[in-house]
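Please work through the exercises below with the structure open beside you. Each task is followed by a solution that proceeds step by step.

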Amino acid sequence: MAFAPGLAFAGTGDEGDPAAPNPAAAGADGAQDASAADDAVSLAADGTAASLDGSPFALEGFSRSQVGSNSDIGGAYAGYRYLVSDEPGSLGVIATDACIVVYVPHGVAEENGFDKSSSESRSYLKSLLIALDSENAKGGSVLTRQGNWIFTNEPIVEHEGVEYRFDQELKPGEFYACVIGADGSDVTDAANPAHVRPTHADFATMAPADSVEVVGAATGFAALAEFLGGIDLSPLWVTLKTTLTAIVFIFILGLAAAYFSLRIPVRAQDIADSIFTIPMVLPPTVCGFLLLLAFGKNTGVGQWFIDIGFPLIFSWQATVIAAVVVAFPLMYRSARGAFENLDPNMLDAARTLGWSNAKIFFKLMLPLSWSSIAAGTVLSFARALGEFGATLFLAGNYLGITRTIPIAIYFEWMNGNTDVAIFWTIVIMLFSFVVILFINLWGRRTTKYRRRAEA
């Protein structure tokens with residue numbers, strides 16, 4: 001293992017460090033002490049600052065870069081790089097699968113009492129970095145005490161044929177941290193003998209502990225109020241607006257399709273029934289893909305909407321279309337089943353009295369079938385409420401426009417905001433509970449009515 005000048009320490013433990021003893025020397029007690037040091041870190045509620053009792057320095061302005069860039073700059077390769085800031089002097093951390101390199105500039109270290117040769121200083125800085133990194137990881141790789149840590153005050157460190165460069169002004173006014181081979185090669189290439197895999201980079205400002213105010217997270221009801229106050233409720237309004245609009249179309253189209261399918265020849269009924277029901281058995285992503293093909297700009301219909309200044313794709317109207325298509329079969333099946341159970345002799349008797357088809361439908365068929373129709377309407381509403389796949393395909397994910405609750409749950413979880421994803425999950429579960437409860441109460445009311453009528 002080769003070390004450049006200024007490299008302070010590399011290894012998997014802090015030999016002689018009272019705050020984080022070497023596990024090989026202290027066993028389980030050492031590991032417990034290290035955990036205790038990490039637990040003693042005070043974190044700011046926004047995850048950008050941290051302090052530790054006994055440490056002469058603290059960290060603020062913390063940021064984490066999960067992904068860097070590997071392209072050339074001005075025709076020259078500068079390595080796999082992370083953009084840091086518009087001025088030099090930031091504390092930087094580059095984490096790879098081989099080691100964790102921590103850079104503290106000379107002036108910053110002297111001003112804040114950080115001594116790279118002191119195991120105590122290294123332990124304090126480790127604890128602060130681990131706590132902040134874990135808080136901002138959002139599901140990504142995290143720093144651990146067991147990593148191969150390298151501390152340095154020099155802007156360039158070489159380790160096993162790889163150079164870790166900090167404070168590199170690769171563009172005017174833009175400073176980067178880079179990982180590059182000692183020979184200038186791309187170490188992210190698996191074919192490179194010095195291959196390493198950068199996982200992420202952290203950056204922060206080191207300051208005297210007494211100058212950094214760390215305001216912790218609220219607790220109890222205050223924490224709940226703060227959490228609810230910080231949630232963007234636009235997915236709820238988009239979902240309700242979409243579902244309430246869609247259910248109007250679903251109700252009308254479902255009744256019309258059910259009535260139509262019963263008035264055509266028997267041989268054609270099976271075909272019509274299959275066409276009306278198929279969205280219920282197709283995966284929602286398939287429905288969304290077919291809708292995208294039907295209303296995309298490459299089709300006559302889609303181009304016509306674009307020409308009149310009303311593009312459907314990736315608009316709020318697209319969320320309504322997706323909800324209607326996916327939930328329509330539930331309304332259709334419920335209405336058709338109810339109409340099929342009506343006594344045909346009663347309908348024929350109405351015709352002999354001179355009733356028109358429209359009067360028979362509104363005065364006879366609808367009232368007698370209303371229980372099943374209402375249940376189908378509620379089920380369709382619930383299905384439209386939970387629509388995800390087709391909506392994402394056709395309407396996309398635009399906050400305040402097309403982001404419904406199911407889409408919000410997925411993307412909040414993907415972004416590491418598990419608490420927000422859980423909140424929206426609870427909201428959608430409550431809606432579903434209310435829908436099911438309504439169907440049960442309605443069914444019980446209908447049963448009582450029929451029993452009373454039979455008695």
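The exercises move from the whole chain to aromatic pairs, charged contacts, a surface patch and one helix, and the model they rest on is a predicted one.

**Exercise 1. The chain as a whole**

Determine how many helices and strands the chain has, and what percentage of its residues is buried.

Solution. Begin with the secondary structure, where the chain has 15 helices and twelve strands. Next take the accessibility of the residues: of the 455 residues in the chain, 43% are buried. The accessible surface of the chain amounts to about 23000 Å², and carbon and sulfur atoms account for 60% of that area. Finally, turn to the contacts with a sequence separation of 6 or more, of which 69% are between residues 24 or more positions apart.

**Exercise 2. Two aromatic pairs**

Classify the ring pair of Tyr 80 and Tyr 82, and then the ring pair of Tyr 103 and Phe 166.

Solution. A search of the whole structure gives 18 aromatic pairs. For Tyr 80 and Tyr 82, the ring centres are 5.4 Å apart and the planes stand at 80°, and because planes over 60 degrees apart count as edge-to-face, this pair is edge-to-face. Both partners are covered, since Tyr 80 has a relative accessibility of 13% and counts as buried, while Tyr 82 is buried with a relative accessible area of 1%.

For Tyr 103 and Phe 166, the centres lie 4.9 Å apart and the planes are at 15°, so this pair is stacked. Tyr 103 belongs to strand β7 (residues 100-103) and Phe 166 to strand β10 (residues 162-171), so the pair ties together parts that are 63 residues apart in sequence. Here too the partners are buried, Tyr 103 with a relative accessible area of 4% and Phe 166 with 2%.

**Exercise 3. Charges over rings**

Identify which ring lies under the charged end of Arg 81, and which ring Lys 241 lies over.

Solution. The charged end of Arg 81 sits over the ring of Tyr 176, at 5.7 Å from the ring centre. Lys 241, in turn, lies over the face of Trp 316, and the distance to the ring centre is 4.7 Å.

**Exercise 4. Salt bridges and a network**

Describe the salt bridges of Arg 165, Arg 383 and Arg 333, and state which residues join into one network.

Solution. The structure holds eight salt bridges, and three of them are treated here in turn.

1. Arg 165 meets Glu 163 through their side chains, with a distance of 2.8 Å from N to O. Arg 165 is partly exposed at a relative accessible area of 22%, whereas Glu 163 counts as buried at 14%.
2. Arg 333 pairs with Asp 273, and the N to O distance is 2.3 Å. Arg 333 lies in helix α10 (residues 316-340) and Asp 273 in helix α7 (residues 266-281), so the pair ties together parts that are 60 residues apart in sequence. Arg 333 is partly exposed, with a relative accessible area of 36%, and Asp 273 is buried, with 17%.
3. Arg 383 forms a salt bridge with Glu 387, in which the closest N and O atoms are 3.3 Å apart. Arg 383 is partly exposed at 26% relative accessible area, but Glu 387 is buried at 2%.

As a last step, follow the bridges that share partners: they join Asp 273, Arg 333, Arg 336 and Glu 340 into one network.

**Exercise 5. A nonpolar surface patch**

Find which helix gives the most residues to the nonpolar patch on the surface.

Solution. The patch is formed by Val 286, Phe 289, Leu 290, Leu 293 and Phe 393, which together have about 420 Å² of accessible area. Helix α8 (residues 284-295) gives the most, with four residues. Leu 290 is found in helix α8, and its relative accessibility of 44% means that Leu 290 counts as partly exposed. A general point helps in reading such a helix: an α-helix has 3.6 residues a turn, so residues three or four places apart point the same way.

**Exercise 6. Helix α14 and what follows**

List the buried residues of helix α14, and state the sign of phi at Gly 416.

Solution. In helix α14 (residues 405-414), the buried residues are Ile 405, Pro 406, Ile 407, Ala 408, Ile 409 and Glu 412. Helix α14 is followed by Gly 416, whose phi is positive, near 85°.

Terms used. Residues are numbered from 1 along each chain as its sequence is written. This is a predicted model: local features need pLDDT of at least 70, side-chain atom pairs count only at pLDDT 80 or more; totals for chains, interfaces and linings use all residues. Side-chain values use heavy atoms; hydrogens and water are left out. Patches are made of residues with over 30% relative accessible area and no salt bridge: like charges are joined within 9 Å, nonpolar side chains (Val, Leu, Ile, Met, Phe, Trp, Tyr) within 5 Å. Accessible areas come from the Shrake-Rupley method with a 1.4 Å probe; for residues, only the protein chains shown count as cover. A salt bridge is a side-chain nitrogen of Lys or Arg within 4 Å of a carboxyl oxygen of Asp or Glu. Helices (H or I, at least four residues) and strands (E, at least two) are DSSP runs, numbered from the N terminus. Buried means under 20% relative accessible area, exposed over 50%, partly exposed in between (1.4 Å probe, protein chains only). Rings of Phe, Tyr and Trp (its six-membered ring) pair if their centres lie within 6.5 Å; planes under 30 degrees apart count as stacked, over 60 as edge-to-face and the rest as tilted. A charge sits over a ring if NZ of Lys or CZ of Arg is within 6 Å of the ring centre and within 35 degrees of the ring normal. Contact means heavy atoms within 4.5 Å.
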